[in-house]
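Subject: Structure handover and notes

Dear colleague,

I am passing on the structure we spoke about, and below it you will find my notes on what came out of it. Please read them with the structure open beside you.

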Amino acid sequence: MATRNSASLTRQVSQAFQEIFGGTPCFIARAPGRVNLIGEHTDYNDGFVLPMAIDRAVYIAFCARQDGHVRLHSLDLKRSAKFDLDALSLPEKEAGGNAWEAYVEGVAWALQEAGYKLRGWQGVVSGNVPIGAGLSSSAALELAAARAFATVSELAWEPATMARLAQRAENEWVGVACGIMDQMISASGQEGHALLIDCRSLQTEAVPLPGGTSVVVLDTGTRRGLVESAYNERRAQCEAAARFFGVPALRDVDVDAFEARAGEMDELTRRRARHVITENARTLQAVQAMHRDDARAVGQLMDGSHASLRDDFEVSSEALNTMVAIAGEQEGCLGARMTGAGFGGCAVALVEARVAETFARNVARTYQEAVNLEPAVYVSRAAAGAEVAPAPSIRDS
């Protein structure tokens with residue numbers, strides 16, 4: 001699938017900045033989306049996740065302002081927004097809801113709540129992370145905005161700290177009870193690697209992908225809204241299960257301890273807990289397999305993850321199940337699973353690199369024939385986390 005690349009997006013936001021604000025922008029901030037290879041719905045249970053920053057991102061061309069105002073324009077949504085840094089207070093955010101600018105407002109609010117003194121800026125935003133696809137477009141916007149605020153306000157860039165504050169923005173300002181994974185991988189991704197994140201300590205480990213493999217993103221073309229979805233309900237169910245075991249989070253329960261007391265739990269809570277506990281184990285096993293360069297074992301763990309998300313956590317969908325099944329039938333597919341919060345969006349496959357492009361074409365054609373819906377299927381490269389650079393001149397870009 002053709003898409004705007006980094007150079008094209010940089011040029012577009014720079015030119016639009018000149019048209020809207022006059023003059024060339026000072027900086028370009030970039031923050032990537034992500035695909036999670038394994039470890040789903042474990043992040044808010046203090047567990048382990050293994051995401052990969054992808055080569056699709058949100059870009060902001062920006063310059064500092066001399067006042068405390070932030071002025072924004074979204075090229076993709078064709079909408080402008082502005083707000084006053086001195087007028088941000090939590091009760092007032094309800095009017096903004098989860099509109100796109102609320103993610104930027106929330107980052108400003110969280111930074112100020114943490115004691116940072118901010119300067120205003122003006123910028124143009126665009127990106128090629130599909131919205132609502134489970135590839136974390138919201139975290140990409142948050143971290144690109146955080147990079148902009150840090151640059152104009154001369155703040156030290158500490159990825160884990162900024163990820164925490166961006167998460168707070170989404171939890172408290174936007175109203176989505178997300179875990180830390182999306183913000184952490186967008187802030188801390190490493191090119192060519194997946195990143196094991198301990199969502200309790202925020203310790204990370206760069207993990208090399210198995211040799212001779214490619215990661216393929218499988219966008220079903222279906223969408224869901226996180227705020228309106230069952231995400232928050234699943235989180236509450238996990239917290240109830242943790243209380244049953246008398247632990248701070250399900251991360252503190254291993255498979256043996258779960259099985260010893262599983263019969264005492266009601267069926268729904270038992271299934272929710274079983275997914276999280278076994279998913280944590282699968283994630284750590286996948287890391288070990290990657291270090292052994294055992295691509296087949298990684299793929300089998302991904303398959304097991306999808307079955308658990310489908311049957312125990314019940315966050316898959318007919319479209320996702322169809323996509324995963326079609327992927328698994330193709331030559332060179334080592335494993336596939338839904339990725340992201342679920343209820344729509346994307347799946348991900350680990351594929352032998354020699355057939356990755358053919359695999360992508362075959363999956364897209366077969367899926368469209370099966371459900372009469374056009375997907376977006378593409379090979380993705382592991383990218384670096386959020387960064388900022390001086391804007392190129394319009395003539396050079």
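I begin with F343, which lies in the loop that runs between strand β9 (333-339) and strand β10 (346-352). Please bear in mind throughout that this is a predicted model. F343 has a positive phi of about 65°, although it is not a glycine, and with a relative accessibility of 23% it counts as partly exposed, because the range for that class begins at 20%.

D293 also has a positive phi without being a glycine, in its case of about 60°. D293 is found in the loop between helix α8 (267-291) and helix α9 (295-311), and its relative accessibility of 47% places it among the partly exposed residues, since a residue would have to be over 50% to count as exposed.

Turning to the protein as a whole, the secondary structure comes to 11 helices and 12 strands. The radius of gyration is 21 Å, which agrees with the value near 21 Å that a compact globule of 397 residues would have. Taken along the principal axes, the C-alpha atoms fill a box of roughly 60 × 50 × 40 Å. Of the 397 residues, 58% count as buried, and the accessible surface comes to about 15,600 Å², with 46% of that area belonging to carbon and sulfur atoms. If we look at contacts with a sequence separation of 6 or more, 75% of them are accounted for by residues 24 or more positions apart. As for charge, there are 38 positive and 50 negative side chains, and the centres of these two sets lie 3 Å apart.

The interior deserves a paragraph of its own. In soluble globular proteins, nonpolar side chains tend to be buried together. Here the largest nonpolar core has 96 residues, and those with the most contacts inside it are F83, W121, L143, F149, L218, L250 and F359. Helix α3, which covers residues 137-152, gives the most to this core, with 10 residues. A second core, separate from that one, has 31 residues and includes V129, A286, A297 and V348. To return to L143, its contacts, once residues up to four places away in sequence are set aside, are with A31, W157, M162, A166, Q183, S186, A187 and A386.

P32 is found in strand β1 (residues 27-38) and is buried, with a relative accessible area of 1%. Not counting residues up to four places away in sequence, P32 touches A53, I54, R56, A57, A140, S186, A384, G385 and A386. The C-alpha atoms of P32 and A144 are separated by 8.4 Å, although the two residues are 112 apart along the chain.

Two residues of helix α4 may also be worth finding on your screen. A169 is found in that helix and is buried, with a relative accessible area of 1%. Leaving aside neighbours within four places in sequence, A169 is in contact with G106, V107, A110 and V174, and its C-alpha atom lies 8.8 Å from that of L111, a residue 58 places away in sequence. W173 lies in helix α4 as well, which covers residues 159-174, and W173 is buried, with a relative accessible area of 2%. From C-alpha to C-alpha, W173 and I54 are 26 Å apart in space, with their positions 119 residues apart in sequence.

Lastly, S8 lies in helix α1 (residues 6-21). With a relative accessible area of 13%, S8 counts as buried, because the limit for that class is under 20%. The C-alpha atoms of S8 and A289 are separated by 37 Å, and the two residues are 281 apart along the chain.

With best regards

Methods. Residues are numbered from 1 along each chain as its sequence is written. This is a predicted model: local features need pLDDT of at least 70, side-chain atom pairs count only at pLDDT 80 or more; totals for chains, interfaces and linings use all residues. Side-chain values use heavy atoms; hydrogens and water are left out. A nonpolar core is a set of buried Ala, Val, Leu, Ile, Met, Phe, Trp, Tyr and Cys residues joined through side-chain atoms within 4.5 Å. Buried means under 20% relative accessible area, exposed over 50%, partly exposed in between (1.4 Å probe, protein chains only). Helices (H or I, at least four residues) and strands (E, at least two) are DSSP runs, numbered from the N terminus. Contact means heavy atoms within 4.5 Å. The radius of gyration is taken over C-alpha atoms; the globule rule is 2.2 Å times the number of residues to the power 0.38. Accessible areas come from the Shrake-Rupley method with a 1.4 Å probe; for residues, only the protein chains shown count as cover. Lys and Arg count as positive and Asp and Glu as negative; His and the chain ends are not counted. The place of a charge is taken as NZ of Lys, CZ of Arg, CG of Asp or CD of Glu.
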